[in-house]
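Dear colleague,

Please find the structure below, together with a short account of what was found in it. I would be grateful if you would read the two side by side.

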Amino acid sequence: MTEIGLYEAMRTLRAVRRLQTDPIPDDVLHRVLEAATWAPTGSNSQPWRIIVVKDSERKGQLGALYKKNWDAFIEQYSAAMAEFEDDVRQKYERMIRAGDYLAEHFDETPVVLV
């Protein structure tokens, strides 16, 4: 795997809502979890509690919760978008479609970290 510098990673980061369904190797997952624990915390307390969810049924249950909240958010957000100029509204509608896709396919995600 090719590594990039911190600034390049931050500069090129974008939201991805169409996730690949390929399994995540355990060594990669462990590296991601280890990196997550490096984030600073108040009083250096590191109160990390991460639940790794791979079970399809449980991911489906989490996906249902996500979709319920996503749908409620989008209902309110869409009402506010009615006042946007057409070009701006179209940009946000594309973002919403990507979010809709994630809400519909949440359980296909290889791993969910809670």
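A polar contact here is a pair of N or O atoms within 3.5 Å; within protein, one must be able to donate a hydrogen and the other to accept it, and residues adjacent in sequence count only if both atoms are side-chain atoms. This is a predicted model, in which local features need pLDDT of at least 70 and side-chain atom pairs count only at pLDDT 80 or more, while totals for chains, interfaces and linings use all residues. Residues are numbered from 1 along each chain as its sequence is written, and side-chain values use heavy atoms, with hydrogens and water left out.

Helices (H or I, at least four residues) and strands (E, at least two) are DSSP runs, numbered from the N terminus. At the N-terminal end of α3, Asp 55 acts as a cap, with a side-chain oxygen 3.2 Å from the backbone nitrogen of Glu 57.

The buried residues of α3 (under 20% relative accessible area, 1.4 Å probe, protein chains only) are Lys 59, Gly 63, Trp 70, Ile 74 and Met 81. They pack against β1 (52-53), α4 (86-105) and β2 (112-113), where contact means heavy atoms within 4.5 Å.

Lys 59 is buried yet lacks a salt bridge (a side-chain nitrogen of Lys or Arg within 4 Å of a carboxyl oxygen of Asp or Glu). The nearest side chain of opposite charge, Asp 107, is 7.6 Å away. The side chain of Lys 59 does reach the backbone oxygen of Pro 110, at 3.4 Å.

With kind regards

Notes: Buried < 20%, exposed > 50% of the residue type's maximum accessible area, 1.4 Å probe, protein only. Lys, Arg positive; Asp, Glu negative; His and termini not counted.
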